[in-house]
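Here is a short set of exercises to work through with the model open beside you. Try each task on your own, then follow the solution step by step.

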Amino acid sequence: MTDAPTSRLYFLDWLRIAAFGVLVLYHVGMYYVSWDWHVKSPHAGPAPEPWMLLSSPWRLGLLFVVSGVATSTMLARDAGCGWLRARSQRLLLPLACGMLLVVPPQPYFEVVQQHGYAGGYLDFLRLYFQGHGGFCRPGAGCLILPTWNHLWFVAYLWVYTLVLWALVRGVPAALERAAVPALRLLRGPALLLAPLALMVAWRGMLAPRFPSTHALVDDWYNHAAYLSLFLLGAVLARRPDAWDGFARLRHAALVLALAGWAMLALRYTGWPGAEALRGLRPVAFGTAQWCGIAAAIGFARVHWDRDHAWRRYLCDAVFPVYLLHQTLIVLLTQALAPLAWPPLAEGPVLVVLTLALSFAGYEGVRRVALLRPWFGLARRRPSAPLAAAPA
């Protein structure tokens with residue numbers, strides 16, 4: 001990498017790329033754990049779960065912080081209705097494309113494996129688009145069709161974008177006014193402790209009453225946590241000097257995040273006292289959540305704040321890869337299942353094939369002007385060469 005004299009926060013670009021890369025690994029891992037997911041390996045069990053917990057508390061929260069920064073930066077340049085219309089198209093067209101074309105194989109194989117559905121894919125599509133509500137399991141509720149599955153992040157991001165746009169339109173200087181006291185409050189150790197306390201509070205008060213659904217209308221714990229992080233990113237974007245605080249505290253944040261993870265992982269050790277510490281799990285989760293985010297930002301600020309020829313390509317590829325990857329994972333698990341490979345052999349193959357096919361899909365989509373907006377890519381003027389397409 002080489003330094004570039006620019007005010008662009010390159011380290012946040014790299015963080016976004018890395019977080020979506022971890023997401024691919026995480027969703028492959030979901031095939032092998034006992035947690036509820038669309039399809040399950042015959043070898044699924046709790047053994048990989050402690051390692052999944054290394055990223056699950058903070059990964060999506062980090063993406064909402066980065067998204068808040070990006071949205072705030074765009075609104076600083078243009079907060080008009082035209083911007084909102086363009087931004088909505090950039091988010092909602094891929095969401096619609098995903099729900100109509102990309103996602104349906106996921107619930108199809110889910111109902112085949114978990115509900116004993118014997119119909120073909122075309123028969124299932126008819127039920128899918130009719131909103132069939134008969135795929136139910138005791139204690140797990142009924143499958144909602146049509147569904148956005150992993151694309152819930154896009155729906156939430158659009159809603160939070162709408163909230164931030166309305167705030168900036170109503171009070172144009174709101175973020176600048178909030179940035180000054182926020183930076184004064186989040187000085188030194190408070191940069192870790194104040195958001196950590198908020199994440200612990202949300203986890204302790206709301207998570208037991210509103211477990212995660214990703215259904216938008218009833219997901220109050222996730223809204224409290226993710227909207228808070230999105231708005232925090234929006235405020236931090238107005239004070240660029242705030243990022244140096246994360247760099248100074250990166251080692252402390254990493255130690256605290258690992259301590260939170262270790263407390264969460266205690267339940268898998270078989271230690272008799274682990275259950276007695278159950279009441280501290282909101283503290284452990286909130287600590288792993290915010291301190292994981294802070295550590296990632298801090299280390300990226302120090303080591304990744306440089307440009308590279310690959311950055312623009314990968315930034316452009318992230319959205320289409322994200323759109324495609326989970327369906328590809330599900331399809332590949334079903335294709336590889338007859339080989340009966342052990343997880344240590346099958347898992348890496350799933351990761352490599354998922355990434356390869358996702359990027360192949362991106363390479364195909366980016367070359368077709370009609371498809372670009374449906375996969376989250378900016379429209380390209382016909383006269384512009386491919387390499388000049390806006391990220």
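The radius of gyration is taken over C-alpha atoms, and the globule rule sets it at 2.2 Å times the number of residues to the power 0.38. Before starting, note that this is a predicted model, where local features need pLDDT of at least 70, side-chain atom pairs count only at pLDDT 80 or more, and totals for chains, interfaces and linings use all residues. Residues are numbered from 1 along each chain as its sequence is written, and side-chain values use heavy atoms, leaving out hydrogens and water.

**Exercise 1. The whole chain**

Find out whether the radius of gyration agrees or disagrees with that of a compact globule.

Step 1: For 391 residues, the rule gives a compact globule a radius near 21 Å.
Step 2: The chain has 21 Å, so the two agree.
Step 3: For the outline, a box of roughly 65 × 60 × 40 Å along the principal axes holds the C-alpha atoms.
Step 4: Of the 391 residues, 50% count as buried. Buried means under 20% relative accessible area, exposed over 50%, and partly exposed in between (1.4 Å probe, protein chains only).
Step 5: The chain has 15 helices and two strands. These are DSSP runs numbered from the N terminus: helices (H or I) of at least four residues, strands (E) of at least two.

**Exercise 2. Two helices that cross**

Describe how helix H14 and helix H15 cross.

Step 1: Locate H14 at residues 309–336 and H15 at residues 343–365.
Step 2: Their axes come within 7 Å and cross at roughly 130°. Axes are lines fitted to C-alpha atoms, for helices over the stretch in contact, with angles from 0 to 180 degrees between N-to-C directions.
Step 3: H14 and H15 are therefore oblique to each other. Under 35 degrees would be roughly parallel, over 145 roughly antiparallel, and 65 to 115 roughly perpendicular, while the rest count as oblique.
Step 4: Now look at the loop between H14 and H15, where alanine 340 sits. Its phi is near 55°, a positive value in a residue other than glycine. With a relative accessible area of 60%, alanine 340 is exposed.

**Exercise 3. Following the charges**

Which residues form a salt bridge with arginine 311?

Step 1: Recall the general idea: side chains of opposite charge can pair when their charged atoms come close. A salt bridge here is a side-chain nitrogen of Lys or Arg within 4 Å of a carboxyl oxygen of Asp or Glu.
Step 2: One partner is aspartate 13, with the closest N and O atoms 2.9 Å apart. Aspartate 13 lies in helix H1 (residues 10–29) and arginine 311 in H14, so this pair ties together parts 298 residues apart in sequence.
Step 3: Another partner is aspartate 307, at 2.6 Å between the closest N and O atoms.
Step 4: Arginine 311 is buried, with a relative accessible area of 10%, and aspartate 13 is buried too.
Step 5: For another pair, turn to arginine 367 and glutamate 363, whose side chains meet in a salt bridge at 2.4 Å, N to O. Arginine 367 is partly exposed at 48% relative accessibility, and glutamate 363 is partly exposed at 23%.
Step 6: Shared partners join Arg8, Asp13, Asp307 and Arg311 into one network of salt bridges. The structure holds 10 salt bridges.
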